[in-house]
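Dear colleague,

I am passing on the structure we spoke about, and I would be glad if you could open it beside this message. My notes on what turned up in it follow below.

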Amino acid sequence: MSENLNYFIDCPLTKVQKIIGGKWKIVILWFLSRGTRRFGEIKRAFPDITQAMLTKQLRELEEDGFVHREIFREIPPRVEYSLTAHGANFVPILRSMYDWGEVHLEHSKVRCVEKSD
């Protein structure tokens with residue numbers, strides 16, 4: 001590794017941190033790893049997030065290529081969110097983070113989202 005590496009610009013970890021650094025992004029990705037979800041389902045899974053913040057986090061994940069948003073032209077309109085192939089490739093990292101948290105951090109019996117197998 002080069003000693004001239006600029007950790008604020010060039011480091012791959014910095015780039016990943018910028019993508020998943022939102023307060024809700026990791027748990028949204030974990031939730032979507034279990035399958036396609038409608039906006040309302042995601043909102044109900046995370047009642048503490050505002051609608052505006054959820055929309056912002058989903059749009060950013062979409063812009064970064066992790067989430068696909070599909071709009072169905074029907075009445076009432078329906079929007080579904082799913083992981084892209086790029087997002088699905090990130091799931092093993094999320095699974096490792098989840099497993100590490102279960103082993104190394106104190107946690108209550110309440111789970112953030114059931115682990116997908």
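The charged end of Arg37 is placed over the ring of Phe31, at 4.5 Å from the centre of that ring; please keep in mind as you read on that this is a predicted model. Phe31 also has an aromatic partner, because Phe31 and Phe46 form an edge-to-face pair in which the centres are 5.6 Å apart, with 80° between the planes. Since Phe31 belongs to helix 2 while Phe46 sits in the loop between helix 3 and helix 4, the pair ties together parts that are 15 residues apart in sequence. Both Phe31 and Phe46 are buried, and together with Trp24 they make up one aromatic cluster. Across the whole structure, the search finds five aromatic pairs.

A second charge of this kind is found at Arg78, whose charged end sits over the ring of Phe72, 3.7 Å from the centre of the ring.

Turning to the interior, the largest nonpolar core holds 22 residues, and those with the most contacts inside it are Ile28, Leu29, Leu32, Ile42, Leu58 and Val67. Two or more residues each are given to this core by helix 2 (25-32), helix 3 (39-45), helix 4 (51-63), strand 3 (78-83) and helix 6 (91-104), and helix 2 supplies the largest share, with five residues.

Which residues does Leu29 touch, if those up to four places away in sequence are not counted? Leu29 touches Ile20, Leu61, Phe66, Val67, Leu83, Phe90 and Leu94.

With best wishes

How values were computed: Residues numbered from 1 in each chain as written. Predicted model: local features only at pLDDT ≥ 70, side-chain atom pairs only at ≥ 80, totals over all residues. Heavy atoms only, no water. Core = buried A, V, L, I, M, F, W, Y, C linked by side-chain atoms within 4.5 Å. Buried < 20%, exposed > 50% of the residue type's maximum accessible area, 1.4 Å probe, protein only. Helix = DSSP H or I, 4+ residues; strand = E, 2+ residues; numbered from the N terminus. Contact = heavy atoms within 4.5 Å. Phe/Tyr/Trp six-rings, centres within 6.5 Å; stacked < 30°, edge-to-face > 60°. Lys NZ or Arg CZ within 6 Å of the ring centre and 35° of its normal.
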